[in-house]
Protein chains: 4
Amino acid sequence: MASSTVADSTTALPFKVADLSLAEAGRHQIRLAENEMPGLMALREEFGASKPLAGARIAGSLHMTVQTAVLIETLVALGAHVRWASCNIFSTQDEAAAAIAVGPDGSVEHPAGVPVFAWKGETLEEYWWCTQQIFDWTSEAEAAGADWIGPNLILDDGGDATLLVHRGREFELAGAVPDDAPGDSHEYRVILAALRASLAASRDRWTRTAAEIVGVTEETTTGVHRLYELARDGQLLFPAINVNDSVTKSKFDNKYGIRHSLPDGLNRATDVLIGGKVVFVAGYGDVGKGAAEALRGQGARVIVSEVDPINALQAAMDGFQVSRIESVVGEVDIFVTGTGNLNVITVDHILAMKHLAIVSNVGHFDNEIDMAGLETLDGAEKIEIKPQVHEWRLPNGRSVLVLSEGRLMNLGNATGHPSFVMSNSFTNQVLAQLELFVSPENYPVGVYVLPKHLDEKVARLHLDALGVELTTLTPEQASYIGVPVDGPYKVDHYRY
Amino acid sequence: MASSTVADSTTALPFKVADLSLAEAGRHQIRLAENEMPGLMALREEFGASKPLAGARIAGSLHMTVQTAVLIETLVALGAHVRWASCNIFSTQDEAAAAIAVGPDGSVEHPAGVPVFAWKGETLEEYWWCTQQIFDWTSEAEAAGADWIGPNLILDDGGDATLLVHRGREFELAGAVPDDAPGDSHEYRVILAALRASLAASRDRWTRTAAEIVGVTEETTTGVHRLYELARDGQLLFPAINVNDSVTKSKFDNKYGIRHSLPDGLNRATDVLIGGKVVFVAGYGDVGKGAAEALRGQGARVIVSEVDPINALQAAMDGFQVSRIESVVGEVDIFVTGTGNLNVITVDHILAMKHLAIVSNVGHFDNEIDMAGLETLDGAEKIEIKPQVHEWRLPNGRSVLVLSEGRLMNLGNATGHPSFVMSNSFTNQVLAQLELFVSPENYPVGVYVLPKHLDEKVARLHLDALGVELTTLTPEQASYIGVPVDGPYKVDHYRY
Amino acid sequence: MASSTVADSTTALPFKVADLSLAEAGRHQIRLAENEMPGLMALREEFGASKPLAGARIAGSLHMTVQTAVLIETLVALGAHVRWASCNIFSTQDEAAAAIAVGPDGSVEHPAGVPVFAWKGETLEEYWWCTQQIFDWTSEAEAAGADWIGPNLILDDGGDATLLVHRGREFELAGAVPDDAPGDSHEYRVILAALRASLAASRDRWTRTAAEIVGVTEETTTGVHRLYELARDGQLLFPAINVNDSVTKSKFDNKYGIRHSLPDGLNRATDVLIGGKVVFVAGYGDVGKGAAEALRGQGARVIVSEVDPINALQAAMDGFQVSRIESVVGEVDIFVTGTGNLNVITVDHILAMKHLAIVSNVGHFDNEIDMAGLETLDGAEKIEIKPQVHEWRLPNGRSVLVLSEGRLMNLGNATGHPSFVMSNSFTNQVLAQLELFVSPENYPVGVYVLPKHLDEKVARLHLDALGVELTTLTPEQASYIGVPVDGPYKVDHYRY
Amino acid sequence: MASSTVADSTTALPFKVADLSLAEAGRHQIRLAENEMPGLMALREEFGASKPLAGARIAGSLHMTVQTAVLIETLVALGAHVRWASCNIFSTQDEAAAAIAVGPDGSVEHPAGVPVFAWKGETLEEYWWCTQQIFDWTSEAEAAGADWIGPNLILDDGGDATLLVHRGREFELAGAVPDDAPGDSHEYRVILAALRASLAASRDRWTRTAAEIVGVTEETTTGVHRLYELARDGQLLFPAINVNDSVTKSKFDNKYGIRHSLPDGLNRATDVLIGGKVVFVAGYGDVGKGAAEALRGQGARVIVSEVDPINALQAAMDGFQVSRIESVVGEVDIFVTGTGNLNVITVDHILAMKHLAIVSNVGHFDNEIDMAGLETLDGAEKIEIKPQVHEWRLPNGRSVLVLSEGRLMNLGNATGHPSFVMSNSFTNQVLAQLELFVSPENYPVGVYVLPKHLDEKVARLHLDALGVELTTLTPEQASYIGVPVDGPYKVDHYRY
């Protein structure tokens, strides 16, 4: 499996498997992270012997961090073969990628690692090249003596891998990739170019790939949104499990993860005291709730904006000022967007900000802040303070600090959600992969959430590590409220 | 409408309409409460002229407080006729009942008020007598020259009014009320006795009543639970709207209401410093979340218990110790139950408590604490410190303080949820009554939640009062996330 | 000691010793409060046998609450004779006064209680009459067969008792009481009238009284401020211990007491939801810190005002908006003053407030709010909603709600600081009385704070009740930081 | 001034002035930090023209961070000459040192910077070599044509520079440096060796230096403690200003600084989720208060230990469990010491910890944790995870993670207190240097705190940046409370 290393994948990669010190550093971190990921470790214990994922070939597209390394090694421990790319150009931790590429035994001579295609700071062209590699199982086919093998599962974050398969097949069926249109983003042009090259090389690569896939498990709000649209429009090609809306994902990753990683990113990027500052948090969904709580916990005065009157009322009841950005833009020190929408902060807003106001985003895409507008603003100048931290000198004589070029700053400026949070999310991912692979008959094409008893199982696997003592219902109590003693305990519409 | 006064209803009632000073005090409080109930006042403005509830006859069973008075007068302003009882023996505020009985013009000569049957401190016999009165529209029938008139809507809290109709009809169909069974609670025996008397007086009173009813709107978790069971078992007689599960009800009333009224009840009952104390909160649903937040906000150290691993994990992630009651019972100063389950605190637990530990319940029924067991405990003695505050001297030489005899202490020891919270809940109630009465064709027999746009409307009506500025989506933004500019904004399974 | 009862003191008093149910209710509350006042109970245990206060005659002027009852009975247990008045016209809890007047044995035939002169809702004339009674030890003199006896200790709160002695003696030396001057407040005129009558009856009553007094222990910031002024001006007649500035008083009573009793008072007065409201807290000293924390803990958005830049910076660093009242007056729902200064809220401010804004004070005097100005405002009308809650209808058509007529609302609308907090303050009081009475040689005329080891002792006596485990220094550790193993642990200027 | 560069100082230094990119990166950070240090920038504006520090020669020993760079350049802007070392072997930010060494004009040819002797990761031998260099003003003497020049001011943090002068002079007077004694720490042996070499080279170097010094301003609790001991024992050689006990230092740096930098250090070191974890904070002084607030704000459950009953009671009243370490050691995930004492965490405690518990210190010295004991523990093995993060494998089969080898982790694992906090501390430092240099007549040998009006000035200079509106007293109000309109506002013993 000599091809299963980063070094072999392309000579353009910025690190080599031979850089064993990087892999070794990653291995240390993976070992420590395992201690913080009790859900995944419990699944290894429960399923490590029976290997229910034997025969699974997983194409993974998810931030290539230390935590993802523990996820990958859990999938492998359950019997799967895996190829991996990151789902964000800045989010890879190179030491984690190196450790996964080398494998746990650490030998560069006989690497037993996982083929991984990810490094911190990819160009968009490199990013989509990487994403294509997780669908290219040529070396596995050679090893198996087969003509062709494709993945049979996708593990996706944001939906780029799923998008590639859907668009690839669509253009193959059409026999052509459309020309670039005037309004197309740079990224979309890169995708079209990649698919044009693909179509030139093979007329049915994505069609075959799509046919092979048993299903996809999707990590984020954004990717889930795309899936529901595909399903609504009758274009979804295979079943999808919406991992994002497991309670132990959306209410944990989004809220508690951001609570942790937002101040972490601000600190690493700027070292600015958060206490006493005026902070503007756009959006009071789970991400915004976590952000607002974290910043208040550091002594900031938080102002929230919302479009949904229910969330707005929640913010007010939690003691936050709720204002439109236009009303307060000039008194804010730190801006944080987490809405999932676009142009939440416009160039006009930026021009009205205080000198050296900090502008950052923890929503999935970088268009929450109008970076495109800023980049074309006459007289604006961009100065790199350090990687992922840029001072934009504005024509009005003031500057703002933009973190991670408007992309997810908690990944770009820090290390993303911490292991314990990701253990919840990823335990959902593994259970979802198991559901699709082991019980495909339960999942006709459509979008599903995991059944509540699995959601509760994910939580249950994380209690001991925190010293939580769970109370057990007596049979009389269970009967009184009409639930089994072992759960599930709540109606489906319960909101937690 | 001579019967429309408390004084006329029965000579046993503890206050007279002639006690105008009580009514006047209530009227002042109603006027102040109106300032805190912008949702209801907005509905009066929107629908006061068109009177869409003209022809509605509402049997209301809900804590007869000042806030409920504003609800009642809103229903009347929309055209409804109303009869009212409380849904808890301790929860009536007598001045509110008096003011409603007298009516806004305050004249004892020509009372224009609403027939109300409620006073603070009813016996169970009185309570069920009162509940029956809201179904007895004899005087309205007389006034209309009709043989018989029944209500066509129920507005319920906890389901007692709905229970009475269902059981009454069931026994009428059976031709007999069952004998008391050995395990029957005292309260159930009172109900059976009332229905026996009813059956003796009329063979079809409840059958006719049930036939007339267009639907019920139900306020609480407990009542909703009963409704879903009736529906599941095919026994539900008319459509029901689950008001409890509107976001602006369950996530506001349960959480923010308890946050307010729990410490209020503790303070009025005991004047004990909450700061520095160890408090045990059973249950980390919305009620428990509000309780824990309030007590931490007062400087208590809060220990939570949970049976659901997801809620337990939430409690831990919010920084609370999560323990079984047995592990900590001897170090706790204040116990609060809010689970909706029974025997959460047993007599054995009580015997293990510190001297003068405070035992209180904010769940719907008094059986969260095993009061029946305490009352039959050999050697236990009950001393009234003041109304709704009792010292129980235990055979082990220690005492505990029990609030409101184990019933809802935030109502028994304080004045319940404050007006602003109830404005959210009650605006949902009015909208739900409107839905059932105006558009019955949309509601075949079954249990429904309000559509999301009405939930958002409730929130929207409460923003101005708090100075909240709502952000408006641009058409481009609305299109980007695939929602109308004016909402609704979220998928149904969104958890807030 | 037949005269030692409220009933005997004056026929005008609103309750009778014969009203044993009132006394009995008070006795229950005193018994419960003892459980919350471990410091005082520990002093009874330590000094109950040796009776170091035998021979002490204490004139007490301090809110006559249940907690003060435990203080009084502790002083008596240590051997003192005591006469008591309240230091605020609204702050007496009548059941506590009754219980103290009757004494622990509860017998109306042979009352063994303490002479107490206090009831809820005194007029100013009654108030100063009561204050004079604590200096009139005629019945004690008769019992002792002496011509005249005066008190030898004052226990003061706010300095009114001390003021009476100083002014009384001053006018006796001058031979006349000055005439009322145009700018004199109503209260000062009442004092002058009282002293005129006193001078008419005796030319040296206060001079003799002052000579007898060993010292005063003063409870509050305001009273201490007066004492330091007297000392600075060379007019102080006897030594004073500044109890207020014990850490276990000022940082506990002021901060944690207000944190508890401010929301309690707001709730009992208005039942208005605090969550989501905009609250203005004037002053960010210990009182303001406790107020702001409590209100944020209930979900309010708190705006603070300050004149001291250090305290202002603290407020900002704690996450609060810091603004001048003029900048925000129109958006505030609830105003709370706690500055110790006058005219913090003026009539102009009141006229700029929202309809039904709540105006309240937790500073010592009622002039933080310009009540005098409001009372003389043309076109303003005062409507009593309930005792201590008044709607002021303003000439601009709006109303505001004023609590406790601008006086201490946490006492007037609630029951003041809770027992546990007062146990800290009052343990300091007893230790201070002991210092002055047992070791007068250590206290030449001047103002003192208690030595740090006694401050630490007060804290130590309250730890067990809260389950606090204190860590003990090893001798090596104590030596390393240069303190005794048993304390005191900090330099005098340490700020906690 | 060719010697004024790092590169010239010693060939052993890890970075060169020629590494201009490092200096440039530091210069960017200094520019950003200036925006966060309004107090220092205001002093440059106030005193930049008059240059009151002209003639001052300052030997500075304080963490060589970006913030200290702004301090240094402020001192230079006020006219001082400065030489600088760090006061901790790990705390230097190399880019800040490089930028200061190069100076603002950035030219390597003619560096105009400040002689700085500091780099991240010094050995103890290097550390004390650096500390000596700030007293060696040979090049300044040469430039001035003088035989010898010494510094006339010390700016100290922790007291090492002051210690060196006092011990150096003591041994010179004795004519010999004592031999190493068996119990001497490694660090003390390094100091003795350095002074032996010094004595061999010069018999009166430190005696002359001490004579020249006008005074020292000291930054920390620890250093201040040493100064009070020297003063008490009559050994203090020159006046000292205790900057630590300015309110705007101790209550800001210690509390708000740690609140910021503790979670920052934990995150950068371990990326472990703080939410849900059990954290043990030793000490509830200002440092512990900031630590506990920060960790609770991240959702941790915090357990506090204390030896002082007053602080212990404060912790309980703030809602924290207060326990001895022995009672809870096995359930804690993260340990933080901030007591200023030694052996707070012993090897026995470490052996009782959970696997991979995190052990960290934010107190001044590394002996809060018994690192010496751990280093000599049989069977313990130290593995570097990354710089300043070590896994210690214990003989019991478990591991713990030790941060910064037990030294200040907020400096070693993060970047120390943020600029805004340090602006408060350093504005005090500059004002203190000014006091000693400009008005030496006011400061006979002894230890002083800054007068309150200067403390208030420091606060005042930081309000605008946070958008704080300060309220101004009316003359009537100022007179009523007996203070000047412009302050100072509080009595000296006021605790804030």
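Author: Copies of a chain are superposed here by least squares on the C-alpha atoms of residues with pLDDT of at least 70 in both. This is a predicted model, in which local features need pLDDT of at least 70 and side-chain atom pairs count only at pLDDT 80 or more, while totals for chains, interfaces and linings use all residues. Residues are numbered from 1 along each chain as its sequence is written, chains are lettered from A and ligands numbered from 1 in the order in which they are written, and side-chain values use heavy atoms, with hydrogens and water left out.

Reader: What relation does the superposition of chain D on chain C express?
Author: Two copies of a chain are related by a rotation about an axis and a shift along it. Chain D is brought onto chain C by a rotation of 180° with 0.0 Å of shift along the axis, at an RMSD of 0.1 Å. The relation is therefore that of a two-fold axis.

Reader: Which residue of chain D has the C-alpha nearest the axis that relates chain D to chain C?
Author: The axis in question is the one about which a rotation of 180° superposes chain D on chain C. Of the C-alpha atoms in chain D, the nearest lies 2.2 Å from the axis, and its residue is D:R495.

Reader: What percentage of the contact residues of chain D recur in chain C?
Author: Contact is taken to mean heavy atoms within 4.5 Å. The same surface serves both copies, and the share of contact residues of chain D that recur in chain C is 98%.

Reader: What percentage of the interface residues of chain A are also interface residues in chain D?
Author: A turn of 180° with a shift of 0.0 Å along the axis lays chain A on chain D with an RMSD of 0.2 Å, and the C-alpha of chain A nearest that axis, 2.0 Å from it, belongs to A:G297. The copies meet through the same surface, because the interface residues of chain A that are also interface residues in chain D amount to 100%.

Reader: How are α6(D) and α8(D) oriented relative to each other?
Author: Helices (H or I, at least four residues) and strands (E, at least two) are DSSP runs, numbered from the N terminus, and axes are lines fitted to C-alpha atoms, for helices over the stretch in contact, with angles running from 0 to 180 degrees between N-to-C directions. In chain D, helix α6 (residues 124-133) packs on helix α8 (residues 160-174) at an angle of about 75°, and their axes are 10 Å apart. Angles under 35 degrees count as roughly parallel, over 145 as roughly antiparallel, 65 to 115 as roughly perpendicular and the rest as oblique. The two helices α6(D) and α8(D) are therefore roughly perpendicular.

Reader: Into which classes do the residues of the contact of α6(D) with α8(D) fall?
Author: From α6(D) come D:Y127, D:W128, D:T131 and D:Q132, which meet D:D160, D:A161, D:L163 and D:L164 in α8(D). Ala, Val, Leu, Ile, Met, Phe, Trp, Tyr, Cys and Pro count as nonpolar, Asp, Glu, Lys and Arg as charged, and the others, Gly among them, as polar. The contact of α6(D) with α8(D) thus has residues that are five nonpolar, two polar and one charged.

Reader: Is A:D157 buried or exposed?
Author: UniProt, in an unreviewed entry, places the feature "binding site" at positions including A:D157 and A:K249; such positions are given in the numbering used here, feature names are shortened, and annotations may be inferred rather than shown by experiment. A:D157 lies in the loop between β4 (153-156) and α8 (160-174) of chain A, where its contacts, not counting residues up to four places away in sequence, include A:H63, A:E219 and A:H364. Buried means under 20% relative accessible area, exposed over 50%, and partly exposed in between (1.4 Å probe, protein chains only). At 4% relative accessibility, A:D157 therefore counts as buried.

Reader: What is the relative accessible area of A:K249?
Author: A:K249 sits in helix α12 (residues 247-270) of chain A and, leaving aside residues up to four places away in sequence, touches among others A:E219, A:T220 and A:N428. A:K249 is buried, and its relative accessible area is 2%.

Reader: Where is A:S404 found?
Author: A:S404 has a positive phi of about 50° although it is not a glycine, and it is buried, with a relative accessible area of 0%. Its place is the loop between β14 (399-403) and α18 (409-412) of chain A.
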